[in-house]
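Please keep the viewer open beside this text and follow the selections in the order in which they are given.

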Amino acid sequence: NLEETISTLKFATRMMRVSNEATVNINQDPALLLKKYEREIRDLKQELAMHDTLANRGRINYDPDPPEKQYEMAKSFLTGQVDDIDQLNSIRQCR
């Protein structure tokens, strides 16, 4: 019984060091979340454009091309009409 008592006391000592912080779950309106995320995306794009300007990269378009343009670029590359896709400034345009 002595071993069990010591083990229990060690466990109790470890558990006293555990801290719990309760938080309230907040149900937010999806429309407000959408506006918040759109604002955050806009701010991040501005920050990225500023970084590109400071890094002398010029104006890079990070928005994906429309699917029709992507299809035409891929088709011309795969058929051998062009050797390289020059218009591709970023891999993000392929998404």
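A residue is called buried here when its relative accessible area is under 20%, exposed when that area is over 50%, and partly exposed in between. Because V18 has a relative accessible area of 48%, V18 falls in the partly exposed class, and V18 is a good place to begin. Select V18 and follow the backbone around it: the residue sits in the loop between α1 (2-16) and α2 (30-54). Now add F11 and M15 to the selection, since these two residues and V18 make up a nonpolar surface patch, whose accessible area together is about 280 Å².

Before going further, colour the whole chain by confidence, keeping in mind that this is a predicted model. The mean pLDDT of the chain is 81, and 82% of the residues score at least 70. Among the elements, α1 has the highest mean pLDDT, at 94, while α3 has the lowest, at 80. Where pLDDT is low, the predicted coordinates should not be read in detail.

Next, switch to a cartoon of the complete chain, in which there are 3 helices and 0 strands, so that the order of elements from the N terminus reads α-α-α. With a surface display turned on, the accessible area of the chain comes to about 9100 Å², and carbon and sulfur atoms contribute 55% of it. Of the 95 residues, 7% count as buried. If contacts are drawn for pairs with a separation of 6 or more, 40% of them join residues that lie 24 or more positions apart.

Which residue forms a salt bridge with D43? Select R42 as well, and the pair is complete: the closest N and O atoms of D43 and R42 are 3.8 Å apart, which lies within the 4 Å cut-off for a salt bridge. The count for the model comes to 1 salt bridge. Both partners can be examined on the surface, where D43 is partly exposed because its relative accessibility is 36%, and R42 is partly exposed as well because its value is 46%.

Finally, select residues 67-78, which form helix α3, a run of 12 residues that reaches 16 Å from its first C-alpha to its last, close to the 16 Å expected at 1.5 Å a residue. Within α3, pick out S76, which counts as buried because its relative accessibility is 16%. Beyond its neighbours within four places in sequence, S76 is in contact with Q81 and V82. The tour ends at G80, which follows α3 and has a positive phi near 85°.

Conventions. Residues numbered from 1 in each chain as written. Predicted model: local features only at pLDDT ≥ 70, side-chain atom pairs only at ≥ 80, totals over all residues. Heavy atoms only, no water. Helix = DSSP H or I, 4+ residues; strand = E, 2+ residues; numbered from the N terminus. Expected span 1.5 Å × (residues − 1). Salt bridge = Lys/Arg side-chain N within 4 Å of Asp/Glu carboxyl O. Buried < 20%, exposed > 50% of the residue type's maximum accessible area, 1.4 Å probe, protein only. Patch = residues over 30% accessible without salt bridge, like charges linked within 9 Å, V, L, I, M, F, W, Y side chains within 5 Å. Areas by Shrake-Rupley, 256 points an atom, 1.4 Å probe, with all protein chains shown as cover. pLDDT = per-residue confidence, 0-100. Contact = heavy atoms within 4.5 Å.
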